[in-house]
Structures are given as C-alpha cells and as structure tokens.
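Here's a quick tour of a protein chain for anyone new to reading structures. Take a look at the picture, then we'll walk through the overall build and one sheet with its helices.

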Amino acid sequence: MAFEPPRRLVRALGEAAPDGDGWLAKLPEVAERAVARRELAVERVQVPGGRSSLVVLVRTADGTPAVLKLAPRRARPESERAALAHWGGLGAVQLREEGGARERDEGVLLLERLRPDVSVRSLPEAKALLEAAGTLRRLWVEPPGSHRFETVAERTGRQAAAMRAGAVADDEVAPLVDAALAAREELLAAPPEQRLLHGTFRQSKVLAGDRMPWLAVGPDPVVGEGAFDLARLVRDRVEDLVAQPSGASTTRRRVKRLAESLEVDQERLRGWALFRAVESGVRARRVGRERDAELLLEFASWL
C-alpha cells in the first residue's frame, strides 16, 4: 500500500519546519517497515488526519482493529508513549504494545482503535464541554517520580520568546502580547500543583470508544497545573464564539462554568486562556494563517 500523507499533515509540517527534516520523504519506508514488523493488515490512511502525524487504520495478526501512528521527532512521540503508558488507558487511548525491540521504532505507536470519525465535537456544545471536562479530569494524575516530561514553565518559556519576537514586528498585537506575558509571569510565580497534563486538549481530541464512552487521543504531555490544560478547551469552537453578538459574555461564562466544574481557580484559568490564545494567534499570523490569527486575537481581547 502507498502511505500517502494527507494534505493537512504536509501543510502543517511545512508551517512548522519550512526547510523540512526529511521525515516526510522517509515516511513510506518507515510505515512499511512498521507494518511488516508487527504483521499488520492495513485498511486505510485516516483522512484528513492530524497536523503532526500519519494515522493508519490497521488490524493485528489476530484480526483486532488497531491504529498505527507515525510522528516526527519534533512532535515528541516518545513523550506521548510515556504518558499513555502512565495513564494505562484511564481516560486515554491505550498502547497496544510496550517495551522490547519494537519500542526502538522511534516515533511509531500502535494504539487501540477508537471511532476516529466520532469526537466529542459532534455533540451539542453544552454536552460536548461536559463530556470533555469529565475526560480531562481523569487524566490529571501525579506524574511518574523520575519523569522527563516538559514542564509548563519550560514550554511556555519557549513560546514567550517567540511571542516577543513577533510583537516587535507587529505593533497591532503588542498590547495583547504584553498582557499575555504578564499573566504568565504571575501564574508561574506560585503554581498550585504539578499534574501530568494532556497538553493540547480540545473537543476533537476526545473520541468515542468501546471500552469507555470517550477517550482522549494525541497528547503532547506536559507537567503543571490543570488550569493550563483546561485553557485550551475554553476557546473550542472559537469561530462560533466570534460569530455571536454575545461572544465576549459567552466566553466569560464558559470560563466560569469550566473552572467550577473542574474546581480550578477562575482567574488562573482566565490567565492561561489569555496566554494560550495570544500565543496561538501570533504563531498563526507568523505562518500566514491570517483568518485563524484574527479569530484567536479577538477571542483573547475578551479575556
């Protein structure tokens, strides 16, 4: 089978690393080797798929449905593997293999098959937020004692540097960047907890399953406070929020409701929602996704 990467993946990787790292060119060979080593039967490549990995629907030698996921090093697939192993299927998709020689296939994960076309996002908004929040609660556990996961301070430190550079070249976003950076400094001065977080949690990252009704996929794990994780969920369906005349007030109600449902400090959630929206908006503008940038920065101005 030809393992053709979906356009969405090619475009996203091009934005992340315009000069490339050769991963896409090597992908067909890596995929064929991973399939052969595991004696998998390939059904199809998942389309449109994600922005950081190739997802292939497969069956194992005994006919069990599974998913083969291949990701470049910069997507931190080994960190994802470690987080999924630590969660052990509680709230998240399960690894179908661990340890041994197969783990030396860097960037290759064999996972349980969920229902890839049915996410929490397919539910009415209020129900979707409720189910997503319930899934997120199960993921917030103590990290392993000797973990090597990135911390919120480390990840946002890199992002803050890029935001400062973007603000210098864009006077229009400078006030929002200043506010976001100030919020980050205040939030990191006294972090209330250290939990293993999903890192990139949103409604589309929660898929229907057989073992449990809803399970999270695609983590970019990080260790820090729950408010950081929840902040990305605050802006889900941002295009709908911005289209509403009452978008600003709806956003503030959403912050309050989500904070209360997961027992998170409302001001800390607001602060991280601001930082993460501005960071995403500045990054979108930097790679030419102007429409996305406008939506995110308008959303951030409401916080």
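A residue counts as buried when its relative accessible area is under 20%. By that yardstick, 52% of the chain's 303 residues are buried. Keep in mind that this is a predicted model.

**The whole chain**
- Counting up the secondary structure gives 11 helices and 9 strands.
- The radius of gyration is 19 Å, which agrees with the value near 19 Å for a compact globule because the chain has 303 residues.
- Along its principal axes, the C-alpha trace spans about 55 × 40 × 40 Å.
- Among contacts with a separation of 6 or more, 72% come from residues 24 or more positions apart.
- About 14,300 Å² of the chain is exposed, and carbon and sulfur atoms supply 50% of that area.

**An open sheet**
- Four strands line up as β1-β2-β3-β4, with antiparallel pairing, to make an open sheet.
- At the edges sit β1 (41-45) and β4 (108-112), each pairing on one side only.
- Neighbouring strands here are turned by 30° against each other on average, direction ignored.
- Zoom in on β1 and β2 (residues 54-59): they pair in the antiparallel sense over 4 bridges.
- For V45, the bridge partner in β2 is V56.

**Helices on the sheet**
- Helix α2 (residues 23-38) lies across β1, β2, β3 (65-70) and β4, and runs at about 145° to β3.
- Helix α3 (residues 77-87) also packs on the sheet, where it touches β3 and β4.
- The direction of α3 makes about 35° with that of β4.

Definitions and conventions:
Residues numbered from 1 in each chain as written. Predicted model: local features only at pLDDT ≥ 70, side-chain atom pairs only at ≥ 80, totals over all residues. Heavy atoms only, no water. Pairing = 2+ DSSP bridges. Helix = DSSP H or I, 4+ residues; strand = E, 2+ residues; numbered from the N terminus. Axes fitted to C-alpha atoms, helices over the stretch in contact; angles between N-to-C directions. Contact = heavy atoms within 4.5 Å. Rg over C-alpha atoms; globule rule 2.2 N^0.38 Å. Buried < 20%, exposed > 50% of the residue type's maximum accessible area, 1.4 Å probe, protein only. Areas by Shrake-Rupley, 256 points an atom, 1.4 Å probe, with all protein chains shown as cover.
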